[in-house]
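Got the viewer open? Let's walk through this one stop at a time, selecting as we go.

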Amino acid sequence: MSDPIGVSLLGAGNVGAGVIRALTAGSERYAAAVGRRLELRHALVRDASRAREGLEPHQLTTDLDVVLGDDATSIVVELMGGEEPARSYIAEALGSGRHVVTANKEVIAKHGAALRDLAAEGGVRLLYEASVGGGIPIISPLFRDLLANDITAVTAIINGTTNYMLTAMTQDGADYADALADAQRLGYAEPDPTADVEGHDAAFKLAILCGLAFHVEVGPEDVVQRGITQVTARDIRYASTLGYAIKLLAEGRLVDGELLASVQPTLIARDEPLSKVDGVLNAVQVEGDLVGRVVLEGPGAGAAPTSSAVLADVLDIARDIVAERRPPPPQAYRSMRVRSPGEHHARRYVRMTVADRPGVLGEIGTALGARGVSIASVVQFEVDEDARTAEIVLTTHTGPGEALESALAEIAAAEVVVEVGNVLAMAG
């Protein structure tokens, strides 16, 4: 067998340690699959004096030049996370003629186009299967298996933290604060959970998926983002009564040649597959003209699932090296208008507290109807006899968000309305 293919890591944290373990345990299997042995050369770390399992002291370095100065390193795996210095290091690695594998959703979402161009200029590959969905293979299928399809929609549950929390709120009746504390105790949520609970993490991932599915340049700033912080146990309970589950849904959809992209808590009917994706699992649903609807489900995070995706990319590149195959040409992207939040058409769930007296629903209906918002159903859930108020939930037919926002501004100011408690999208 010829000389080994050198692999160096940038970052040796939880996922990096998983990659090191897998490379060691599966060395013979990987060599048989590729035709040459994979050799772990270096790991760039913050503290090279601290021992790492599976690595010798001479393999640890704090200097990127040591990694890129090693002629035997052909593949660089970036597992540092965050935007910088990860983006700069990826760019330097590509510029030095190394193939790069990364799990970095933020870097790919924000800088993927520039980095892909840099890779193409150098005749090397930039792969990022692990950036979305952990162990779920979705990037590669969009590149290859579904390429013949005209894809019209991608809908996904792609943040395990929020999915765990909403599942706990649904199944155990927990409120938001208790669900978050439990997720943090179990290591599913960071001490600062903002990126997850406000939808930023899912927006990075959706931007990547939209780019691949629709062949457009989409940045996270193009994605309408709303997190789960305002979802209450009452909303969960009321939605269940109506036959729905609430999920943080990431959705990209083509409508009349324009793109709708959003991450927001959404009511999904209980007979839909995505409504049954619970706990820390992720799922991605793709709709294409040839395949119809395809749903991929699996673990969205963790060292082992993410290592699986990372190593799949490493092995793919290694096979190309052995076969002396040139990288495929970069995907061509097109320009497309991205619709603003007010232009998003959807059904809506609206929870509000109103005075418990005749004529209230008529006044609310008049305000909605004046702006073309049609009510699909109204359910009264709770009555406070002392305060003489009632909590109601109304659902609307599909309509533009700006019309509902305008109507609700008038309704909230009405004397008969105590509070507009929450407004959530409804899928379908």
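Start by selecting helix α2 (residues 27-34) and helix α12 (residues 303-323), which pack at an angle of about 45° with their axes 9 Å apart. Axes here are lines fitted to C-alpha atoms, for helices over the stretch in contact, and angles run from 0 to 180 degrees between N-to-C directions. That angle makes α2 oblique to α12; under 35 degrees would be roughly parallel, over 145 roughly antiparallel, 65 to 115 roughly perpendicular, and the rest is oblique. Helices (H or I, at least four residues) and strands (E, at least two) are DSSP runs, numbered from the N terminus.

Before moving on, a word on what you're looking at: this is a predicted model, where local features need pLDDT of at least 70 and side-chain atom pairs count only at pLDDT 80 or more, while totals for chains, interfaces and linings use all residues. Residues are numbered from 1 along each chain as its sequence is written, and side-chain values use heavy atoms, leaving out hydrogens and water.

Now show side chains. Which residues make the contact between α2 and α12? On α2, pick Tyr-30, Ala-33 and Val-34; on α12, pick Leu-311, Leu-315, Ala-318, Arg-319 and Val-322. Contact means heavy atoms within 4.5 Å.

Next, select helix α7 (residues 160-171). Its twelve residues should span 16 Å at 1.5 Å a residue, and its end C-alpha atoms are indeed 16 Å apart; the expected span is 1.5 Å times one less than the number of residues. Ten of the twelve are buried, so α7 is largely enclosed by the rest of the structure. (Buried means under 20% relative accessible area, exposed over 50%, partly exposed in between, with a 1.4 Å probe and protein chains only.) Colour in the neighbours that the buried residues of α7 pack against: β7 (151-157), α8 (176-185), α9 (194-197), α11 (233-242), β9 (244-255) and β11 (281-288).

Stay with α11 for a moment: Asp-235, Ile-236, Tyr-238 and Ala-239 are buried there. Just after α11 comes Gly-243, with a positive phi near 95°.

Then hop to Asn-282 in strand β11. Asn-282 counts as buried, at 0% relative accessibility. Beyond its neighbours within four places in sequence, the contacts of Asn-282 include Gly-133, Ile-157, Gly-160 and Glu-297.

Last stop: Thr-398, in the loop between β15 (389-396) and β16 (399-400). Buried or exposed? Thr-398 is exposed, with a relative accessible area of 51%. Add Ala-346, which is 52 residues from Thr-398 in sequence and 4.6 Å from it in space, C-alpha to C-alpha.
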